[in-house]
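Here are my comments on the two-chain model you sent, set out as numbered points. Please read them with the sequence and the structure open beside you.

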Amino acid sequence: MENYVVDVKDLTIRFNLSNERVDNLKEYAIKLAKRELMFQEFLALKDVSLKVKKGEAWGLVGTNGSGKSTLLKTISGILKPYRGTVKTKGKIAPLIELGAGFDGNLTARENIFLNGMVLGHSRSFMEEHFDEIVEFANLKRFLDSPIKNFSSGMKARLGFSVATMVDPDILIVDEVLEVGDYQFRRKCNERMRQMLSGGTTLLFVSHNIENVKRLCDHALWLDKGVVRMAGPAEEVCDAYKQEQEQAIRERKEKRRAKLRAEGKKYDYLIVGAGLYGSVFARELTRSGKRCLVIDKREHIGGNVYTEDQDGIQVHKYGAHIFHTSNPQVWKYVNKLTEFNGYINAPVAVYKDELYNLPFNMNTFYEMWGLKTPKEVKERIAAQIADLSIETPRNLEEQALSLVGRDVYEKLVKGYTEKQWGRDCKDLPPFLIRRLPLRFTFDNNYFNDRYQGIPVGGYTKLVEKLLDNVDVMTGMDFFEYRKENAHMYDRVIYTGMIDEYFDYCLGHLEYRSLRFVTERLEEENYQGNAVINYTQREIPYTRVIEHKHFAPEEERENPKPFTVVSREYPREWEPGREPYYPVNDEKNNRLYEQYRALAEKEKNVRFGGRLGSYRYYDMDKVIEAALKDSDEELGRR
Amino acid sequence: MNLFKYRVRTLFKYKDLVKELVGRDLKLKYRRSFLGYVWSVLNPLLIMIVLTLVFSQMFRRDIKNFPVYFLTGRTMYDFLKNSTTSAMKSVTGNSALLRKVYVPKYIFTLAKVTSAMVDMVFSLGAMVIVMVATGAPFYWTALLFPIVVAQMYLFCCGLGFFLAQLNVFFRDIQHIYSAVLTAWLYLTPIMYPIERLGETLTIVVKGFNPLYYYVAQFRDLIYYGQFPGSRIFWGGWLIAFLTLGIGVWSFQRSKDKFILYI
């Protein structure tokens, strides 16, 4: 006879899904009289069996509503079986929601005790482990403040500490670790692994298949309440993933079929609904051309896309601040949507020091306490002279010879090294041609005449551009082309130019970024839209607090929460989101070769950041799209 | 028997939680208030003063020392009212927690009744003050008051369980119950002598109003300084256990379905 820690046998869970909930007597009486009190039953789980041995880690996968959480709740005793049995052995720590049972009015100290006792521990036991819990949660300073003042991350930290500090025999985790910042998640994962190696049994639900694969050795795949597959994690996850992808393919197929059935024909197919593609589409449409815009992402806007999260416009692909000195472009965008008067004035954090950016008199005052341009110029000149660099051999020497030691070490070095992923000494000098120093008290980052951000986000601007244009998102060009080549005459292609030619000459290189975005339950996290972290030890380069891009919105509708994104640089490799083209000699040469191929494509025009492999500010990309569309229409 | 043992063991396991919940209730009730626990005493005192001004004129001849007469009744009634109303909402009010962690659900109901009891014991301070102020005699029988409190506690737990489970399925019980409570207040000789009710009603109240049993016992011990008669004494215990039985039974029967309705 085997010894199972969790033994679920033929479990069926029934919910009553009656259309309206009857929870008052009058309705109950009426329905009873009319014999309408029918139970529309819904089986959340059907004959599910699961046997888990001590020390195993099981991942539960499945789509939304497949019964994963229901199963976990039944195992932890919250739900009772309708049919079948559930047997467990040992202490269970349910992490179905971190900090369940916290009382906002009590202090952290009181809540630790209360929460521990909710989990069934005695007071003396909690007293014994109290210090340990506080230490792990790292909240010593806030022990005696009411928990309602805590951010969601702090609450999650505390909840996790309480639940795991007691060495449970069975740990039940339901996607709770998807919240909280990166560092906390890592700490949690570490702790979970530590517990696993100590013999704790884990039941884990996550939508992130990779997480399941990493943490678990077994997996159970639920589909509409029925076990589809159970076994080694790798196998189950792969099978599940395959089916997911199949389902997505089928959805797209359906959409395509629908479009085919409509039998429309377009003059232009525009690939990519970013700024370039959208401006192009607008210009063509205004001249009476029929256009179809497709984008492989599920939304329009490309990288300028902003997502509305409860009233905060979140710049999903990094901070975008519109600035231009071109009155035509400024007029063009302002006709479409209203811009606010946002002015970018980032702040840099180095250790416990804070500096205004760009390098200006404020920065120098903060750094040296110097008050006049003359003093500053002398100080910098002296620092440069001390170094006596004649021809810079690497980026470090180049930068030093431009701004001197202090500015370089505190504000340039770490940031640059993070961005490029290597030492400044190992980077070529030409990456930095100049580091502008400003000898006025002016924190405005840009030198342009006009600056701002669309009120309500960039998505609104792009929506306006695409007002009368057919748009299909979630559609890959190469897929679309396979069956719809007859649907259009010409193509405006704004994707990666090397991808268009199937990388026949090799890959162009890019720099990539990763954004970790989280919602915090506090009204103001950092007091500025952009803060740069110039220390190399901090893994991210910038923290963006999105609400500060729209001060006018915040004034009108103050929000008690905020959304911040940390920006992590990372190496690009094929398949990752490309951000900045690496315009070094090698890559530019390769691009020229692709360019030559592109000239031979009769019915295709390449454009935009990826199509012409160059870094564009937003105003420049609009300029380019206007110019190219004029050319396309023979107006020039 | 085994099941019983198991139940006792879980109750024992969660006893600290009950304590903590009671502590939380009391703490939060008076947090940020200047006088804190003093309000437990002050509140009944203030109500007593108002009512004394009104009613002592009315029943001048029937009741000697109206303030003490009134407080002995009112204390019991307040305990009943506070414990059962908060117990009624104990399951629905903790829905967020119950949906996420397994905790025996009756713990919350038990904690609410217990904190109401602790509150009531505090408020006895008001009575002592009034007795001293009005020069009322202290009898040794007053020391036996825990007997009545124990009966009341069992009774309120039973009623609390019953209401808590009913409230999960029918939220309008809250409104109905507040009407019941008002009726209950006036149908119990708290502000008036029972004789004023007339013959029939007196019999009904004496026989079928559970609260009468406890008010009468409590008054006997404190106000009259005599041991309660055997009818109300044993009747009180009987009603307490009976109500507790019904409450526990109804709660047990439906507790597994709570999660679907909260």
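1. A cut-off is needed before the first residue can be discussed: a residue counts as buried if 20 or more other C-beta atoms lie within 10 Å of its own C-beta, as exposed if there are 12 or fewer, and as partly exposed in between. The model is a predicted one, and every remark below should be read with that in mind. Asp10(A) has 13 C-beta neighbours inside 10 Å and therefore counts as partly exposed. This residue belongs to strand β1 of chain A, and its phi is near 45 degrees, a positive value in a residue other than glycine.

2. Tyr613(A) also deserves a look at its backbone, since its phi is near 45 degrees, again a positive value for a residue that is not glycine. Is Tyr613(A) buried or exposed? With 25 C-beta neighbours inside 10 Å, Tyr613(A) counts as buried, and its place is in the loop that runs between α20 (608–611) and α21 (618–632) of chain A. As background to this point and the next, most residues other than glycine have a negative phi, and most peptide bonds are trans.

3. Two prolines of chain A are worth checking by eye. The peptide bond that joins Leu357(A) and Pro358(A) is cis, with omega about -15 degrees, and Pro358(A) sits in the loop between β16 (353–356) and α11 (361–368) of chain A. Pro539(A), for its part, is in the loop between β21 (530–533) and β22 (542–545) of chain A, and it counts as partly exposed because it has 14 C-beta neighbours inside 10 Å. Although Pro539(A) and Tyr415(A) are 124 residues apart along the chain, their C-alpha atoms are separated by 9.8 Å.

4. Turning to chain B, there are 12 helices and 0 strands, so that a description of this chain is a description of helix packing. Of its 262 residues, 40% count as buried. Among the contacts in chain B between residues at least 6 apart in sequence, 79% join residues at least 24 apart.

5. How do α3 and α7 of chain B cross, and at roughly what angle? The axes of helix α3 (residues 38–58) of chain B and helix α7 (residues 106–134) of chain B come within 7 Å and cross at roughly 50 degrees, and the two helices are therefore oblique to each other. The crossing of α3(B) and α7(B) is right-handed. On the α3(B) side the contact is formed by Ser40(B), Val41(B), Pro44(B), Leu45(B) and Met48(B), which meet a set of α7(B) residues including Asp119(B), Phe122(B), Ala126(B), Ile129(B) and Val130(B). By class, this contact of α3(B) with α7(B) has 8 nonpolar, 3 polar and 1 charged residues.

6. A second helix pair in chain B is formed by α8(B) and helix α9 (residues 173–186), which pack at an angle of about 140 degrees with their axes 9 Å apart. That angle makes α8(B) and α9(B) oblique to each other. Leu163(B), Leu166(B) and Asn167(B) in α8(B) meet Ile173(B), Gln174(B) and Tyr177(B) in α9(B); by class, the contact has 4 nonpolar, 2 polar and no charged residues.

7. The largest nonpolar core has 131 residues, and those with the most contacts inside it are Trp58(A), Leu60(A), Ile172(A), Leu203(A), Phe204(A), Ala219(A) and Cys156(B). Helix α8 (residues 145–169) of chain B gives the most to this core, with 14 residues. Leaving aside residues up to four places away in sequence, Ala219(A) touches Trp58(A), Gly59(A), Val61(A), Val212(A), Ala233(A), Val236(A) and Cys237(A). Apart from this core lies another, of 62 residues, among them Ile270(A), Leu275(A), Ile321(A) and Phe477(A).

8. Finally, the contact between the two chains takes 27 residues from chain A and 23 residues from chain B. On the side of chain A that touches chain B, β1 (4–16), α1 (25–34) and α3 (108–118) each supply at least two residues, and α3(A) gives the most, with 4 residues. By class, this side of chain A has 14 nonpolar, 8 polar and 5 charged residues.

How values were computed:
Residues numbered from 1 in each chain as written. Chains lettered and ligands numbered in written order. Predicted model: local features only at pLDDT ≥ 70, side-chain atom pairs only at ≥ 80, totals over all residues. Contact = placed C-beta atoms within 7 Å. Axes fitted to C-alpha atoms, helices over the stretch in contact; angles between N-to-C directions. Parallel < 35°, antiparallel > 145°, perpendicular 65-115°, else oblique. Left-handed = near helix turned anticlockwise from the far one by under 90°. Nonpolar A, V, L, I, M, F, W, Y, C, P; charged D, E, K, R; others polar. Core = buried A, V, L, I, M, F, W, Y, C linked by C-beta atoms within 7 Å.
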